[in-house]
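Here is a short, friendly tour of a model you may like to have open beside you. Take a look at the sequence and structure, then follow the notes below.

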2 protein chains.
Amino acid sequence: MEGLTKIDDLGKPRVVIVGGGFGGLELAKALANAPVQVVLIDKQNYHTFQPLLYQVATAGLDEGDIVSPFRKILNHQDNFYFRLAEVTSIDPTAQVVETSIGLLRYDFLVLATGANTNYFGDEVMAKNAIAIKNVEDALELRNTVLSNFEQALQLGDHEQLNSMLDFVIVGGGPTGVEIAGALSELRTHVFPKDYREIDFKEMDIHVVQSGPVLLKGMSANASAKSLEYLEKLGVQVWLDTRVKSYDGYTVTLNNGKQLIARTLIWAAGVTGAPIPGLNDDCLVSGNRYLVDEYNRVHGYDNVFAIGDIALMKTEKYPDGHPMVAQPALQQGRQLGDNIQRQLNGGLMEHFVYDDKGAMATIGRNHAVADIKLFGREIHLDGFIAWLAWSFIHVISLVSFRNRIGVFFTWAWNYFTQDKGLRYIIGKTKAPLVEQDMEEKAIV
Amino acid sequence: MEGLTKIDDLGKPRVVIVGGGFGGLELAKALANAPVQVVLIDKQNYHTFQPLLYQVATAGLDEGDIVSPFRKILNHQDNFYFRLAEVTSIDPTAQVVETSIGLLRYDFLVLATGANTNYFGDEVMAKNAIAIKNVEDALELRNTVLSNFEQALQLGDHEQLNSMLDFVIVGGGPTGVEIAGALSELRTHVFPKDYREIDFKEMDIHVVQSGPVLLKGMSANASAKSLEYLEKLGVQVWLDTRVKSYDGYTVTLNNGKQLIARTLIWAAGVTGAPIPGLNDDCLVSGNRYLVDEYNRVHGYDNVFAIGDIALMKTEKYPDGHPMVAQPALQQGRQLGDNIQRQLNGGLMEHFVYDDKGAMATIGRNHAVADIKLFGREIHLDGFIAWLAWSFIHVISLVSFRNRIGVFFTWAWNYFTQDKGLRYIIGKTKAPLVEQDMEEKAIV
């Protein structure tokens, strides 16, 4: 541990936070006035508002609308330090993490690395599918959808043409449902104006859901309404169905049916993103760290995990909390308080999840929401749920600037019935299709 | 020329436009009501407002603020067709262009391919420098500037550290001057808050200009004032100086002096982007097509060139018009009218360039402008020129949406003295610097 001290060390305990998602960022903020040095490490220099990634993927928002640089969010906080790096391992005995830019000593270590897309070991799927877990994914999906249509213009063969126009979404959770709704909007309101030469009756959108209902975990009302809305939008929903394989062109379902699509969007599951170095017995199902009610990783005093990567078994949530923003935010805030309590010689407090409900939007003017208020659960659907969804997402954005930007863009998109961000910039998934020479003339 | 007819052919003459910059786009619009089929071919699916690329490169604007998809701009125009493709050659005898997606017959061919960065054959420079000719360039520069600072935090060696903080801009034209001003703004107002651990006195910005003045071609007042403003901002301007070589680290000037910088921005010259297939004698200096006063390429009746790629020698402009937006826009509009005149059996009209002047901005509140109004030339500088520059750039943006977006972002940046778009998304030029192991600890 010889070397240069590039981070000021004023003798204060150092809290190292790995990952600046909802949990990590909230924790860093909660420690603003604590007598500690806060070091946040992330592979990106920005926080991503993941719930709206699907809108970036469908040309509804710019990536700049939903990301905020960490330094911008926290540069007024004197005890805050950021490092753009990847943490490669933990040495809990020496209290050091190894990163891509060097070693870093910690007094408190908080793992907030979130979750990655889970292909359940299917490498062919991983290669051919597109996920929507980060900004690069979302931009790649946007570019791919748009370039599919550009390519479709040149195709004469009916199956080849359809392969470009059809989309298969695997997973009927919020992300799957929301992206299906957004693609339907593009099909109805936007693409027919752009691609007059294409017959949009040929564009099919499929949602494949392994279970018997959409939005599993939400109310029966939300499941039923979301199915109704998607079917009204012309989305084909396959319940109790799984995708067996996908080679980049043919999707084989477990009922024997085959779909042809150049684009398969994988929204079917996530797995924790743990870091090597801790005892094996703290890593449990789904690659999550087993934590106690103070978010302490099993077997450690000063190593914590919060958010998606943490599995806290409680009476009410024996399989852990849902892997969404709220538990991460609440754990981040509470851990900030608990670290300060501990430093003051006090006792830490139990984490109790305050479930505020869940919501999902399905295209223009429609959403479903289960809102928990004063111990009662209210089910909303239709336009009122859509208004609630829009309002809550705008105010939840991290920066005021993003709030104004998203509000303006949504208002614009709503009243023009347009999504203006239809540019192909950056990586595209599908390579240009090899076409027969005879199809190449466009005379 | 066998094959599928994927573009409707209603028996109307087909105008094929190669390139959707200022000239090509304006021409497509000018033909809106003409009895022709308009086919625009571009490698991108969007038009780029090039004069503001440098603001994307310096985190002042999002790329979405300055690009507009062609289909969005023109999807209301019945006779308009777009193809995302690259034109690889021209067969003027058969009246066909060969593209990356097939062959395309034309009745009128308009080359509006613009210009590329000119490294004057220096391949090492081309590999190590960053240009700002397109959106991908601008994003790469933004990412590189930001990641330089992230890396600088870990460097102990003084020269290594400085190599990250110093920027060399080659070329003292509008782009060079504007990017130097924007980097200065970041140095003064933005980065010191983000990177408190860095001493920004160490950040140097150099502009290397081969001639005796900045903004060659503008008035003596503009040249003098721009130099004054840059020096006031602490930019080091090297007049009558050339860069001899750059290996990615050491910049060698022709006066023997060496500068150390990981980032060299090349804004020193452009060259036309011609397409193979036309007679050699129509290609003149700077790889531009020699055109007559109707923008007809020398030796052809139905092949035209407009904008940067066209060289029209007139009495007033014996070396051709300046390679900026105005001549391209005016030629595009005029050619649209001339094609219609020709179709109606009328005579085409000469192109006469209406020079409206030139302007450049240098950081916050300062700009220079030579405005030509009713035959008189007015020289503006300082705040009033900056207001004029801002107003003209906002109203010149292609879509109403972009105008609102840029106006809002600029107002925000101005009043907060901030540039909020400081995220690293996509490609970065510099690889992570190999550091000595002893420098790797950040304890």
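In this predicted model, Asn402(A) sits in helix α12 of chain A, which runs over residues 400-416. With a relative accessibility of 4%, Asn402(A) counts as buried, and its side chain reaches the backbone oxygen of Asp65(A) at 3.4 Å. Let's start there and then look around.

**Around Asn402(A)**

- Setting aside residues up to four places away in sequence, Asn402(A) touches Gly64(A), Asp65(A), Ile66(A), Val67(A), Ser68(A) and Leu397(A).
- Asp65(A) therefore appears twice, because it is among the residues that Asn402(A) touches and its backbone oxygen is the atom that the Asn402(A) side chain reaches, where a polar contact is a pair of N or O atoms within 3.5 Å.

**Chain A as a whole**

- Chain A holds 12 helices and 26 strands.
- Its radius of gyration is 23 Å, close to the 22 Å that the globule rule gives for 443 residues, so chain A is as compact as a globular protein of that length.
- The C-alpha trace of chain A spans about 75 × 50 × 45 Å along its principal axes.
- Buried residues make up 58% of the 443 in chain A.
- Among contacts in chain A with a separation of 6 or more, 65% come from residues 24 or more positions apart.
- Chain A has an accessible surface of about 17900 Å², and carbon and sulfur atoms account for 52% of that area.
- Chain A carries 40 positive and 53 negative charges, and the mean positions of the two sets are 5 Å apart.

**Helix α7 of chain A**

- Helix α7 covers residues 158-165 of chain A, and its buried residues are Leu161(A), Asn162(A), Ser163(A), Met164(A) and Leu165(A).
- What do these buried residues pack against? Their partners in chain A are α6 (135-152), β12 (167-170) and β17 (258-260).
- The N-terminal end of α7(A) is capped by Asp157(A), with a side-chain oxygen 3.2 Å from the backbone nitrogen of Glu159(A).

**Two more buried sites in chain A**

- Gly272(A) belongs to strand β19, residues 270-272 of chain A, and is buried at a relative accessible area of 5%.
- Gly272(A) and Asn116(A) lie 156 residues apart in sequence, while their C-alpha atoms are 6.2 Å apart in space.
- Beyond its neighbours within four places in sequence, Gly272(A) is in contact with Gly114(A), Ala115(A), Gly286(A), Asn287(A) and Ile309(A).
- Gln330(A) is placed in helix α10, residues 325-343 of chain A. Its relative accessibility is 10%, and it counts as buried.
- Neighbours within four places aside, Gln330(A) is in contact with Phe351(A), Val352(A), Tyr353(A) and Asp354(A).

**Positive phi in chain B**

- Most residues other than glycine have a negative phi. That makes the next two worth a look.
- Gln95(B) is not a glycine, yet has a positive phi of about 60 degrees. It lies in the loop between β6 (87-91) and β7 (96-99) of chain B, and is partly exposed at 25% relative accessibility.
- Asp240(B) also has a positive phi, near 50 degrees. Its place is the loop between β14 (236-238) and β15 (243-246) of chain B.
- Is Asp240(B) buried or exposed? Asp240(B) is exposed, with a relative accessible area of 52%.

**Two further loop residues in chain B**

- Val398(B) lies in the loop between α11 (382-396) and α12 (400-416) of chain B, and is buried at a relative accessible area of 18%, the cut-off being 20%.
- Apart from its neighbours within four places in sequence, Val398(B) is in contact with Leu25(B), Lys29(B), His47(B), Ser68(B), Ile73(B) and Arg403(B).
- The C-alpha atoms of Val398(B) and Tyr249(B) are separated by 39 Å, with their positions 149 residues apart along the chain.
- Asn134(B) is found in the loop between β11 (130-131) and α6 (135-152) of chain B, where it is partly exposed at 32% relative accessible area.
- Which backbone nitrogen does the side chain of Asn134(B) reach at 3.1 Å? It is that of Glu136(B). The backbone nitrogen of Asp137(B) lies 2.8 Å from a polar atom of the Asn134(B) side chain.
- Asn134(B) and Thr117(B) are 17 residues apart in sequence, and their C-alpha atoms are 9.9 Å apart.

Definitions and conventions: Residues are numbered from 1 along each chain as its sequence is written. Chains are lettered from A and ligands numbered from 1 in the order in which they are written. This is a predicted model: local features need pLDDT of at least 70, side-chain atom pairs count only at pLDDT 80 or more; totals for chains, interfaces and linings use all residues. Side-chain values use heavy atoms; hydrogens and water are left out. Helices (H or I, at least four residues) and strands (E, at least two) are DSSP runs, numbered from the N terminus. The radius of gyration is taken over C-alpha atoms; the globule rule is 2.2 Å times the number of residues to the power 0.38. Buried means under 20% relative accessible area, exposed over 50%, partly exposed in between (1.4 Å probe, protein chains only). Contact means heavy atoms within 4.5 Å. Accessible areas come from the Shrake-Rupley method with a 1.4 Å probe; for residues, only the protein chains shown count as cover. Lys and Arg count as positive and Asp and Glu as negative; His and the chain ends are not counted. The place of a charge is taken as NZ of Lys, CZ of Arg, CG of Asp or CD of Glu. A polar contact is a pair of N or O atoms within 3.5 Å; within protein, one must be able to donate a hydrogen and the other to accept it, and residues adjacent in sequence count only if both atoms are side-chain atoms.
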